[in-house]
There are 6 protein chains.
Amino acid sequence: MRPSGRKTDQMRKVSFERGFSKHAEGSCLVKFGDTHVLCTASLEDKTPPWLRNSGKGWVTAEYGMLPRATGERMKREAATGKQGGRTQEIQRLIGRSLRAIVDLEALGERQITIDCDVIQADGGTRTASITGAWIALYDCLKWMEGRNMVKVERVLKDHVAAISCGIFANQPVIDLDYLEDSAAETDANFVMTGAGGIVEIQGTAEGKPFTEEEFSTLMQLARNGIAELVTLQKQAVA
Amino acid sequence: MRPSGRKTDQMRKVSFERGFSKHAEGSCLVKFGDTHVLCTASLEDKTPPWLRNSGKGWVTAEYGMLPRATGERMKREAATGKQGGRTQEIQRLIGRSLRAIVDLEALGERQITIDCDVIQADGGTRTASITGAWIALYDCLKWMEGRNMVKVERVLKDHVAAISCGIFANQPVIDLDYLEDSAAETDANFVMTGAGGIVEIQGTAEGKPFTEEEFSTLMQLARNGIAELVTLQKQAVA
Amino acid sequence: MRPSGRKTDQMRKVSFERGFSKHAEGSCLVKFGDTHVLCTASLEDKTPPWLRNSGKGWVTAEYGMLPRATGERMKREAATGKQGGRTQEIQRLIGRSLRAIVDLEALGERQITIDCDVIQADGGTRTASITGAWIALYDCLKWMEGRNMVKVERVLKDHVAAISCGIFANQPVIDLDYLEDSAAETDANFVMTGAGGIVEIQGTAEGKPFTEEEFSTLMQLARNGIAELVTLQKQAVA
Amino acid sequence: MRPSGRKTDQMRKVSFERGFSKHAEGSCLVKFGDTHVLCTASLEDKTPPWLRNSGKGWVTAEYGMLPRATGERMKREAATGKQGGRTQEIQRLIGRSLRAIVDLEALGERQITIDCDVIQADGGTRTASITGAWIALYDCLKWMEGRNMVKVERVLKDHVAAISCGIFANQPVIDLDYLEDSAAETDANFVMTGAGGIVEIQGTAEGKPFTEEEFSTLMQLARNGIAELVTLQKQAVA
Amino acid sequence: MRPSGRKTDQMRKVSFERGFSKHAEGSCLVKFGDTHVLCTASLEDKTPPWLRNSGKGWVTAEYGMLPRATGERMKREAATGKQGGRTQEIQRLIGRSLRAIVDLEALGERQITIDCDVIQADGGTRTASITGAWIALYDCLKWMEGRNMVKVERVLKDHVAAISCGIFANQPVIDLDYLEDSAAETDANFVMTGAGGIVEIQGTAEGKPFTEEEFSTLMQLARNGIAELVTLQKQAVA
Amino acid sequence: MRPSGRKTDQMRKVSFERGFSKHAEGSCLVKFGDTHVLCTASLEDKTPPWLRNSGKGWVTAEYGMLPRATGERMKREAATGKQGGRTQEIQRLIGRSLRAIVDLEALGERQITIDCDVIQADGGTRTASITGAWIALYDCLKWMEGRNMVKVERVLKDHVAAISCGIFANQPVIDLDYLEDSAAETDANFVMTGAGGIVEIQGTAEGKPFTEEEFSTLMQLARNGIAELVTLQKQAVA
């Protein structure tokens, strides 16, 4: 049994609150249960140095956690003077996931930075970040379309969303919360598009190694969950 | 006339949302109009090195802004590798303000860290932080009282709240928003207790120097505003 | 056709030079074709703070590249003052992979640090690192066994090795070199044990998303390649 | 009674040694009793990036303390790798204070950096710094005037000087030395111009909050003291 | 008697393995006994900012040690976030030594960076680095000559090589290994050209001060040793 | 002819102002002409970690330059966030030089830190630092002797002083000032004891290599100069 009483293939309640920030060109407070992430999209009218005069733009991401987003207060990365390895891993993953569904030429020589800041954490912050970042990105592109800068449908090729699956108490389950995550034997994150293409897979054995069959089961769970997330994204921006 | 249409002695709408974070011992989302700050109180069962075996505890604060809390995205301090001078100034101010109304001996050898993270900024983030931090601190102490660790009324000697005043378009006004703040000739922050004692005064001439009379007027505005804030704090924790 | 003329399921020539370093308790220069990584194992007679008095030890890894290991000279991380996100990602991966086949209780309260330093890079530095690190770890444990500190077979539960696979020019291929890696549409790294258990999977779409079928083909390629690497490890330590 | 035997409204002996440094365009060793600060003004023929092509120049300040300027040796900030919060607070204050009396357009697109380095500390280092910095700035402008770069009287609109006041042993006193400073209940720094305008006020309750009346008394003490400092500045540059 | 059984004027076996790295424009694995240093030369088609438009190029060096190059594992400088004083001292020395025999005008507005990375250390890493760096530099210039960028004989004015000498067990000896180095009373490093000119001398009393006579003896030993090293360099590039 | 009109073997006017700092256990403002360095000695009642329970103490040094000690303002190392290579080289040299004449066992488990801060620079800051540091150290030990902590003559085995020599305009000269230093072909620093023993030699060819004969001449000049400095030290502490 799952600590939350959820069924093995049941995700937590997911919600998107668009326009959470009055300043950002696009923003969204995404909630996967008690995991709350604020995603903002910031447009800059210049591209990184390595893309100057290439006609291409760039989409990048930064990730952070408020010090007391977690059960125990963590040190503030600004105070320790560097971003930890986990932070860097996650923000690189978010950036890659978004770029997989963006046409950088259609964006033009501009940069969009998606900041994903975890207000409250309860497992799955990276998957919530990716899923919410898509909304912030969409709204930013809409903002740009309203100013005749781009056509949304030309820049944004598809949806992208992410979910974690894992083996908890010998059972494959979807969307692990913190209690499950810290006890799971295997933990995998899947990033997929609206069309069902796979963008990123990260699977890790926390305890004993896992089998190909177990992994297939996790992928199937993820496929269904991500389809549901994409539906929710569509409703949110409808 | 003020850009917001407010009267010279009219503060923005102020609200406190207690228990915003499920993990922290005390937490509060404070809003001064469009300035939103999440204040969390984290209890640690140890005191800083210089207070070991003194019987005294410590209250400290950290301050941060989400990168897109502002109109233009700012660089993430965790990524630049250091906290700027403004950040450090503000977090030192918040810490001093709270310690002014805490009996550190009654707290015992423990440390409470108040994190003030600006979710959205529109002027007055430091005054909102101090005012909201008091609520987070109160709730943390209540949490401790519920576990027989302290008596709230022995540790918390009074309320503390803060407001900015300034001279905008030649008129003394209270609670400057960003538009006013960036155009004000003089800008002053006041921190006072529930009993009306002054904890901190910071007055700065942004353009031409100001006179003692002007400063007195600002202080009078602040006194009234802070009295109102203290009333709101009392209602919030009632 | 692959630039190197290799068949799609053909790995580069792999070799292990044990005892490359006279100081380390275990060491190995591993070569996957033109990718050369020096792996050293260093034993310390203490465990990290969070394991004190737990009876458990720890295995960790650090990763680095010489500035001119690559086609273009990269900035020295010691000079820039921080380890990049990619470096941190890789060293965390190496550490997790090794811990998956180590019994930390049987190791006792000691720490073994595996340094993987890339002398020359031509794609696949992380997979070569993991595969060579196992040899260095084995030799370190043998060194300890010679001093009656541990029994190798109790600490080292299995082999672990890693290989990359990817889709290059529309074909699934194994063990990508730099030319392939920089042009691949999909890139995946697999870490598996001698018994065939999966320890880690990382799959990334560089261009268009990939399908589950494509991923299965890559995993099959990896399974065969890793079996071959484990055989080579066995020969090396025989 | 004050530890030094001074009367409550009696400042320490103040002196200015102009031209202390042979290299700087302007320099001054200022002494407030045993507090000795070397102020140097360095001219650069360029303005900060945000003022390029604005026709305006900039005046900024940096502050530092020699490690053994204090009773206990402090860690060298260059060795710890960052400037502390107090250092940043003070150097921002010095810069703002000087800019309050400078016409940045008359200065033209140039930058003057005032370095205030505390050779020996005995309380009041920030007020001595501001007061001495004015002399260094004056001499730098004179140096420029001698090269037909500016007219001093057009750039330098007024004097600026600073003094601390506080409540020590229940009595309002001026110009606190270290012994007084560390025991004062209230500590306030005032920065004023030659014309008596207020540039900056910083008042802090170290122990119990203070009243408006107490603050008025401190401001009156400061007003007299600063008038005296301005007279001394005038004599120094006469 | 020397721990290695060498005669007082006998250097360790010295070898140069050219072309050790497939990417670098010049490279050499130099061995002085068990001290192994990989030297790579990297050409960049730009000169440092202070030489722009001067017609001159620049030769610089960086130095590093793999963490387990030594008997005890040292902290990785990339992880600690800064290069230690010893590292900086050595890399500055290598750069100066090479520039002493290079005609920077004949090089043209280009920069060559020599990376000296210690793979294994047994005393004398800086002298091995300088001696091997000359080979890497030579090969880089040959590479450039092959592309009609420079004439080697116009850029490279002479050989440069280095050796340590010291007083060990009251006897002047050449080319100290680690055991000797850590017990030597006096330790001196000499850098000389093929023509016998002195480029750099660094002599340090580790225990009691040394005399001018002792120093002369060390210099004589060094002169002979460096002549031998230059002969070996000539054979290596013949 | 030397720019200053000095004879080739004539040092600049040297003076020591003892007790320059009221806080330090020992202090000295040393002047070699226009080079002014403040040396302070700070006693701590603990030894570094690697000497705990060894019965031995430690003497170490830190070096810094005020930003405008030089003709052009240099960046403040505290602001750039690290000490440069030159700074580290010099402070290591000062520390070694002092330890050469201190009996660390007689000092007992204490640490003395000598801070050498350059107030004004005109060449030869490292040699002035060493020479002045001896005075600060002496006075610190006297302070300790006055409290029955040590016997000065047991801890301080000898004098130590330093001077630079170089070849300027084809002539060997002593005690180079900045004009000479920046044009010298060869630059050498010598550190010797009162008894004439050599503690440290650093010779560098800035332009063309130098000969053994030239170096001998420099050493002879240095020997005479240092003897004179030791005499001045003796007078200063008499």
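## Exercises on the chain interfaces of a predicted complex

No contact (heavy atoms within 4.5 Å) joins chain B and chain E, and their closest C-alpha atoms lie 11 Å apart. The model is predicted, so local features need pLDDT of at least 70 and side-chain atom pairs count only at pLDDT 80 or more, whereas totals for chains, interfaces and linings use all residues. Residues are numbered from 1 along each chain as its sequence is written, chains are lettered from A and ligands numbered from 1 in the order in which they are written, and side-chain values use heavy atoms, with hydrogens and water left out.

**Exercise 1. State the confidence values of the model.**

Step 1. For the complex, the predictor gives an ipTM of 0.95 and a pTM of 0.91.

Step 2. For chain A, the mean pLDDT (the predictor's confidence in each residue, from 0 to 100) is 96, and 100% of its residues reach 70 or more.

**Exercise 2. Describe the contact between chain A and chain B, from its area to its composition.**

Step 1. Chain A contributes 37 residues to the contact and chain B contributes 37 residues.

Step 2. Determine the buried area, that is, the accessible area (1.4 Å probe) that two parts lose on being put together, summed over both. Chain A and chain B bury about 2,700 Å², with 48% from carbon and sulfur atoms. Of the area that chain A buries against chain B, 26% comes from A:His23, A:Arg68 and A:Arg76, more than from any other three residues.

Step 3. Count the salt bridges, each a side-chain nitrogen of Lys or Arg within 4 Å of a carboxyl oxygen of Asp or Glu. There are 16 between chain A and chain B. B:Arg73 and A:Glu62 form a salt bridge at 3.2 Å, N to O.

Step 4. Assign the side of chain A that touches chain B to helices (H or I, at least four residues) and strands (E, at least two), which are DSSP runs numbered from the N terminus. Strand 3 (35–44), strand 4 (58–65), helix 1 (77–80) and strand 5 (111–120) of chain A each give at least two residues to this side. Strand 5 of chain A gives the most, with six residues.

Step 5. Classify the residues of this side: 14 are nonpolar, eleven polar and twelve charged. Here Ala, Val, Leu, Ile, Met, Phe, Trp, Tyr, Cys and Pro count as nonpolar, Asp, Glu, Lys and Arg as charged, and the others, Gly among them, as polar.

**Exercise 3. Characterise the contact between chain D and chain F.**

Step 1. The contact takes 37 residues from chain D and 37 residues from chain F.

Step 2. About 2,700 Å² is buried between chain D and chain F, 48% of it on carbon and sulfur atoms. D:His23, D:Arg68 and D:Arg76 account for 26% of the area that chain D buries against chain F, more than any other three residues.

Step 3. Between chain D and chain F the count is 16 salt bridges. One joins F:Arg73 to D:Asp115, whose closest N and O atoms are 2.6 Å apart.

Step 4. On the side of chain D that touches chain F, strand 3 (35–44), strand 4 (58–65), helix 1 (77–80) and strand 5 (111–120) of chain D give two or more residues. The largest share is that of strand 5 of chain D, with six residues.

**Exercise 4. Locate a salt bridge between chain A and chain C.**

Step 1. Side chains of opposite charge can pair when their charged atoms come close.

Step 2. A:Glu212 and C:Arg223 form a salt bridge at 2.9 Å, N to O. This pair crosses from helix 7 (residues 212–237) of chain A to helix 7 (residues 212–237) of chain C.

Step 3. Over all chains, the count comes to 120 salt bridges.

**Exercise 5. Analyse the hairpin of strand 6 and strand 7 of chain D.**

Step 1. Strand 6 (residues 160–168) and strand 7 (residues 171–174) of chain D run antiparallel and are joined by four bridges; two strands pair if DSSP finds at least two bridges between them.

Step 2. D:Ile167 has D:Pro172 in strand 7 of chain D as its bridge partner.

Step 3. Two residues lie between the strands of this hairpin, and D:Ala169 takes a positive phi near 50 degrees.
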